[in-house]
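These entries record what I looked up in one structure. I began with the metal site and then turned to a helix and the charged pairs.

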Amino acid sequence: MMAVLPTLPKRLHGPSVWALYAIGFVPAALAFYLGATGRLPGNAVKEFEHLLGLWALRFLVATLAITPLRDLFGLNWLRYRRALGLLAFYYVLMHFLAYMLLDQMLRFPAIVADIARRPFITIGMTAFVLIIPLALTSNNWSIRRLGQRWNKLHRLVYLIAAAGALHFAMSVKIVGPEQMLYIALVALLLAWRPIRMPYLRWRRQRSGIARPHRPTTQKAAG
Ligand code: HEM
């Protein structure tokens with residue numbers, strides 16, 4: 001398999017995951033700092049909420065990209081997938097809290113009405129509810145306990161990402177290039193799933209035909 005990037009020394013694998021968590025929270029910290037010091041443009045609450053939602057979607061896309069990157073380019077970044085997924089969860093949670101606390105100020109009747117009446121909020125809320133069990137089972141203990149069921153459960157991420165992208169597109173009056181980009185990215189990443197097994201099988205077969213047991217025969221001939 002082709003190595004596109006230089007491989008990270010093994011001793012840096014753990015620290016690099018922690019670095020990812022640290023870097024991953026920078027956009028939230030920055031948005032919070034800018035919001036708290038009155039430097040977010042326009043409606044600061046909306047801007048804060050939007051930034052968190054956008055980063056939630058970005059981390060979802062990054063989580064879903066890990067498998068295709070390995071299949072197609074041989075990049076083994078599996079060790080970052082849990083961190084990316086959990087970052088997506090924490091951003092969805094912060095986005096949701098920004099909505100509940102800052103946007104709606106915990107006016108529960110208004111919130112319930114909003115969830116029921118505005119389809120894009122219903123969809124966002126569905127994605128939020130679905131991502132909770134995934135976050136709760138993103139630990140070694142749960143993976144061991146659940147076995148095959150863990151894989152089944154975590155297939156919910158496909159639905160969550162689709163709902164997230166749809167929620168984004170439906171939150172605007174006119175769907176622009178940014179919404180289209182996320183819809184397209186999620187669609188491509190989901191479309192890869194049914195293709196990958198036939199693709200990997202095809203590639204294995206092809207390389208099997210291209211390289212039939214050569215070194216020994218060459219040695220014998222030479
Ligand atoms: C997986 C879950 C979710 C994702 C990925 C997500 C993502 C996003 C994104 C990308 C935006 C647009 C940001 C922008 O315009 O720049 C947005 C807007 C918004 N989201 Fe979410 N969201 C999620 C869940 C939720 C939930 C649970 C709620 C509340 C119950 C919610 C409420 C809102 C609201 C109120 C807006 C702003 C709409 C406006 O412009 O007024 N979202 N979300």
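**Metal site**

I examined the iron atom of the ligand in this predicted model and found its site octahedral, with angles of 88 to 180° among its six donor atoms. For comparison I noted that ideal angles for six octahedral donors are 90 or 180 degrees. From the protein I recorded H95 (NE2) and H167 (NE2), which coordinate the iron atom at 1.9 to 2.0 Å. H95 lies in helix α4 and H167 in helix α9, so the pair ties together parts 72 residues apart in sequence. I list H167 as buried because its relative accessibility is 17%, under the 20% cut-off.

**Helix α3**

I checked the length of α3 (residues 44-73): its 30 residues should span 44 Å, and the end C-alpha atoms are 41 Å apart, which agrees. I located a bend of about 35° at A65, with the proline P68 following within four residues. At the N-terminal end, N43 acts as a cap, a side-chain oxygen lying 3.2 Å from the backbone nitrogen of V45. After α3 comes G74, with a positive phi near 70°.

**Salt bridges**

I searched the whole structure and obtained three salt bridges. One joins D103 to K46, with the closest N and O atoms 3.2 Å apart. D103 is in helix α4 and K46 in helix α3, so this pair ties together parts 57 residues apart in sequence. I entered R196 and D71 at 2.6 Å, N to O; they link helix α10 to helix α3, 125 residues apart. R196 is buried at 17% relative accessibility, and D71 is buried at 4%. I also entered R118 and D114 at 2.7 Å, where R118 is partly exposed at 35% and D114 is buried at 5%.

How values were computed
Residues numbered from 1 in each chain as written. Predicted model: local features only at pLDDT ≥ 70, side-chain atom pairs only at ≥ 80, totals over all residues. Heavy atoms only, no water. Donors = N, O, S within 2.8 Å, 3.2 Å for Na, K, Ca; no water. Tetrahedral: all angles 85-135°; square planar, octahedral: opposite > 155°, others 65-115°. Helix = DSSP H or I, 4+ residues; strand = E, 2+ residues; numbered from the N terminus. Buried < 20%, exposed > 50% of the residue type's maximum accessible area, 1.4 Å probe, protein only. Expected span 1.5 Å × (residues − 1). Bend = angle between axes of the 7 residues up to and from the residue. Polar contact = N/O pair within 3.5 Å; in protein donor to acceptor, adjacent residues only side chain to side chain. Salt bridge = Lys/Arg side-chain N within 4 Å of Asp/Glu carboxyl O.
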